[in-house]
Amino acid sequence: MKHTLLLIFIFCISVYTSTAQTYEEFISKSYDYLEQEDYLSAEESLRAAMRLEPANPHNYALLTNLGTIQRRQEKKEDAILSYTAALSRQTSNVMILENRASLYAEMGETEKAINDYTTLLLTDPIHEEALYARGLLFLQSRNFLWAEQDFDRLLEINEKSVRARVGHAVLEKMRGNYEESERIYNYLISERPRDWSLYEGRADLYFMMNKNGRAIADLNRVFAETTPTAALYVLRAKVKLAQYEREAAIKDLKQAEEMGYDQEIIDELMRLAK
């Protein structure tokens, strides 16, 4: 899910005062620093602009940008505070709600993320990204009925929606309806043969179905075509364990561990591999 910077365009008919120029200059500098990936300086430029004109109506956008800059620095709690401050000035702003919702989801704050997506959808009922994201969060909460409603709604809005069908594939997998899930994945892959995330999803399904040879075939394709994530290494390790290839599984688990994967899961799988 993307987190977006709000752009500010301030048009003045009259001659700019030195204060207005300075406010704009701070904003301009923040974008320059962003391009240089100097996030600390970008942060300070935005704070300086808001200190200069604390009542400026455009400050909600600066707070949003500040939150996104903090997020890029992994200052997640600070980013939540910035997005919340921005929402206090623009309570129904779809972009800010989406930013905060996706960050809450990233932080594991599922209920808060769902609440933000629900608020967003009250303003924009056909927001496809929000429907998909909320549907996935409902899946995490094992609220299958509400997840299904969101994915169905997505298909009503856009009958060609790939995300809606991916949502249904994951839903059926979690319900234990493996053959239906496989049917959906096979259809999607036939339509989008270079969407490697679909192969990863199907590989996970094949693992659950004890079709480990097929799972490895899909995983090999994903490893060959993409930069593997820690989760991908863990999935391959699970399949290797099921095939009694313990040394290969341990190697993948060590790689996932180096990439920062959940240590408890790594430890549990390591015990199984020994």
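**Charges on an all-helix model: a short briefing**

At 33% relative accessibility, E245 counts as partly exposed. Its salt-bridge partner is K240, with the closest N and O atoms 3.1 Å apart. K240, at 16% relative accessibility, counts as buried. Welcome to a predicted model whose secondary structure comes to 15 helices and zero strands. Here is a quick tour of its overall build and its charged residues.

**Overall build**
- Taken along the principal axes, the C-alpha atoms fill a box of roughly 75 × 40 × 30 Å.
- The protein has 274 residues, and 43% of them count as buried.
- About 14,900 Å² of the protein is exposed, with carbon and sulfur atoms supplying 49% of that area.
- If you look at contacts between residues at least 6 apart in sequence, 47% of them join residues at least 24 apart.

**Charge balance**
- The protein carries 34 positive and 44 negative charges, and the mean positions of the two sets are 4 Å apart.
- Across the whole structure, a search finds 22 salt bridges.

**Salt bridges worth a look**
- Within helix α2 (residues 39–52), R47 and E43 sit four residues apart, about one turn of the helix.
- These two form a salt bridge, their closest N and O atoms being 3.1 Å apart.
- E43 counts as buried because its relative accessibility is 6%, under the 20% cut-off.
- R47, in contrast, is partly exposed at 34% relative accessibility.
- Another salt bridge pairs E129 with R163, where the closest N and O atoms are 2.2 Å apart.
- This pair links distant parts of the chain, 34 residues apart: E129 belongs to helix α7 (residues 128–140) and R163 to helix α9 (residues 162–175).
- E129 counts as buried at 19% relative accessibility, while R163 counts as partly exposed at 29%.
- For a multi-residue case, turn to R71, E74, K76 and E106, which are linked in a network of salt bridges.

**A negative surface patch**
- E257, E258, D262, E264, D267 and E268 form a negative patch on the surface.
- Two helices, α14 (246–258) and α15 (263–273), each supply at least two residues of this patch.
- Helix α15 gives the largest share, three residues.
- One patch member in helix α15 is E268, which is partly exposed with a relative accessible area of 47%.
- E268 passes the accessibility condition for patch membership because its 47% is over the 30% cut-off.

Note on methods. Residues numbered from 1 in each chain as written. Predicted model: local features only at pLDDT ≥ 70, side-chain atom pairs only at ≥ 80, totals over all residues. Heavy atoms only, no water. Patch = residues over 30% accessible without salt bridge, like charges linked within 9 Å, V, L, I, M, F, W, Y side chains within 5 Å. Areas by Shrake-Rupley, 256 points an atom, 1.4 Å probe, with all protein chains shown as cover. Salt bridge = Lys/Arg side-chain N within 4 Å of Asp/Glu carboxyl O. Lys, Arg positive; Asp, Glu negative; His and termini not counted. Charge placed at Lys NZ, Arg CZ, Asp CG, Glu CD. Buried < 20%, exposed > 50% of the residue type's maximum accessible area, 1.4 Å probe, protein only. Contact = heavy atoms within 4.5 Å.
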